[in-house]
Each structure stands twice: as C-alpha cells, then as structure tokens.
Amino acid sequence: MNKFVKHTVLTILIFSAIGCSESNIELERNLEIKIKEDGAALAQLEAVYGVVFTNQKENWVSSDDIYIRKDMANVYYGYGLEEAKISVVDEDDIKVLKVILPAPKQISVDRKTVSVESTHEDYNPRGPNGEMLNVDLEMNKKLEEISAKYSAKTIEMTKNITKKYFETLAFRFDLKLDITFEK
Amino acid sequence: MLNRIIIILISIILLIGAFIYLTYEEKAITYKSAELLEYNSVDKLFTSFAYVPIIDYQRGKLKRNLWMGEDAVLGYCWRQYEVGIGYDSLSLKIIENMGTACDGNYYDLPEPKILSTNPVSSEAFGKYDRLKCDEYDLDVDGERKSHEIILKQLKNDAQWNRIVENSKKTLSTFIKIYCE
C-alpha cells in the first residue's frame, strides 16, 4: 500500500512540475508576441538637434556682415526588438520576467536647413585666414559635436522608457522584472 | 480488498483534481474601456529630447541705405536650450479615449508637454543689446515664458508635429499593455 501511495504522490508531483513549466512557456510566448507587436514604438527614439552656424566680418564703411544659418537634424536612436531575449522563470516561488536587450545605438540622421540670414545678400562666410568656408561641412562638424555630447543622454532616455514599459508589463502579469541592457 | 478500492478511488479523485488545477487558466485581465485600475502613477515620462536654438534678430537699415531699403540683420541674440518633452503626473486612469489605443489608433491620445528647459548658452552680437538678450525668456507673472517660446519655435521649425506623433505612439505602447 505504501508503495502505491508513494507512486501516486510522485505522479501528481511530476504532473505539477510539467504543468508549471508549460504555463511559463505559454506566458513567455504570449509576452513575446505582445512585445514584438506593441513594443515596436519603443525600439526607436527621435532626438531633435538645432544646429547653428554664425560668421561675422567687421567692415569700415558699410554695415558689419553677419551670417547665421540654422539647420534642424532628426537623429534616431534605437535597437532591434527581434534581438530581445525574453523568458519567464521561477525563482523562489516567484515568477520572474527576464529581459535581455541589445544596447540602443544611433541609427540614422536627417538634417535640413531651416533658415539663413545675412546682412548683405552677397556675403560669403570666410575663415580666420580669409579662406572661403564650406558651410555644409561646418554644419556637419557642429552636428557631430552635438550628437556626441547628447548621445549618452538620449540613449539613457531610450533605456528608461523601455525599462518603464517592461516594469508596467511585469506588473500587469504579476511578475517580477529582471532587465539587462547588453553593452 | 475494500482498502485497496478506497485508495484507488482517492488516487483517481486526486489525479482528476490535479488535472483540473493544472489546466484551469485564470482569464487574463483585459481592459478595453477607459476605466482602468490605478496601479502606480508615473511622475514623468520623457518621450523626446530636443536641443533648441532660439534666435532673435535685431533688424535695421544698412549704413549705406539709411533712408531706404529693407531692414537687414544688424545683430542677433542666440540662446540655446536643452528641452525635455513628455507626459507628467501620468496616471492611466485619467487618460480619456484610451480604448481607441487598443484598436491601434493613437491620434486621440493627449499631446505631450514641454517638461523641462535648460538654457545652456547665450550669445549677443552686433546691435543686439546684451541685457535684452539675457532677459529674453524672463518669467513674467510666474508663467514659464521659456516653455512658450520654445514650443512656438518647434512649431515654426516644423518639428512639433513629429514630436507629438512619436510621443503619442510611445504612450499608446504603454496603454496597449492593458489591452486584450
């Protein structure tokens, strides 16, 4: 009789174990579908950078020359959601949503001129040695400086939004969250 | 013999019970209407960042054309701002038209706001008064004038609409967590 009871209990335990891991797998699948469908907007963040180039020249007789050009650049940061690794595991009787994401990075830049003002219409911006300047080149240089300065901040913003999303998702499905961004 | 039958019956009942327990699924909580449970308020959700130049020109007549001709640029004030844009005091409960987000429509969601502005540099040149440049966005009557000026600039530069679109998309992604 004892053997029979033991076998029954063991069978029940085995069924319970299989049942638990099956429900984790199903939850994982549901979450993956949801994230890939709905989370696409989070995989991309757009930053707007205004780039200004100024050039001046003093004149004795006529008015001083002032040249100002303003461009707006849209820089996209993001990561591919298809590279995200999502799993649901049991840790000390608590279900944990484990998320591993690739590091966000700059994807593309789109720059265009918004305004150009010049005191005299025929003025050409010149450098310190009197050489004619390539204004587009100067704008690109400035944009690179601005991008470099703010990319860390914008990438951090992208990570924060993504983290908040997964926190909300974990809360909704009664899970604890464990999220990592790969370097 | 009777004992064995009882034990077998009990085992069968236990197995059936285990089977029911394992296969019963709690229906996931779904929300399609605007009434959601208040879960936790997010203080601020930054959805966009902008590095915005505000340029004000001092125009006047050129030296050689004092009596005629159009006003030319004789000076400028250039102020540069770091701008954080998004949603504040966000509690999903108070957002209207959330149900439409579940259908993939984010147009009815609220517009984001300018949450923070940080002036990082300013330059006055030519005939533009330095003091006037410094006081350009001075708050009047407690109103955040810089927010107003920057919003106007982003609209003029055709940037505000795309910022709004991206922010609404991001917000709808959060709302969709609670959709079926």
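**Briefing: helix α2 of chain A, its sheet and the A–B contact**

In this predicted model, the buried residues of α2(A) are A:T154, A:I155, A:M157, A:T158, A:T162, A:Y165, A:F166, A:T168, A:L169 and A:A170. The helix packs on a sheet of chain A, where it touches β4 and β6. Chain A also makes a contact with chain B, to which chain A gives 41 residues and chain B gives 40.

**Helix α2 of chain A**
- Helix α2(A) covers residues 135-172, a run of 38 residues.
- From first C-alpha to last, α2(A) reaches 52 Å, close to the expected 56 Å.
- A kink of about 45° in α2(A) is centred on A:Y150.
- A:D174, just after α2(A), has a positive phi of about 60°.

**The sheet of chain A**
- The open sheet has 3 strands in the order β3-β4-β6, with mixed pairing.
- Strands β3 (85-91) and β6 (176-181) of chain A each have a single partner, so one side of each lacks a neighbour in the sheet.
- On average, and ignoring direction, neighbouring strands of this sheet are turned by 20° against each other.
- Strand β4(A), residues 94-101, runs parallel to β6(A) and is joined to it by 6 bridges.
- A:I100 stands opposite A:T180, which lies in β6(A).
- The direction of α2(A) makes about 155° with that of β6(A).

**Chain B at the contact with chain A**
- On the chain B side, 40 residues take part.
- Elements of chain B giving two or more residues to this side are α1 (2-23), β1 (42-60), β2 (72-90), β3 (113-126) and α5 (160-176).
- β1(B) gives the most, with 12 residues.
- The residues of this side comprise 27 nonpolar, 8 polar and 5 charged.

Notes:
Residues numbered from 1 in each chain as written. Chains lettered and ligands numbered in written order. Predicted model: local features only at pLDDT ≥ 70, side-chain atom pairs only at ≥ 80, totals over all residues. Contact = placed C-beta atoms within 7 Å. Helix = DSSP H or I, 4+ residues; strand = E, 2+ residues; numbered from the N terminus. Nonpolar A, V, L, I, M, F, W, Y, C, P; charged D, E, K, R; others polar. Expected span 1.5 Å × (residues − 1). Bend = angle between axes of the 7 residues up to and from the residue. Buried ≥ 20, exposed ≤ 12 C-beta atoms within 10 Å, placed from the backbone. Pairing = 2+ DSSP bridges. Axes fitted to C-alpha atoms, helices over the stretch in contact; angles between N-to-C directions.
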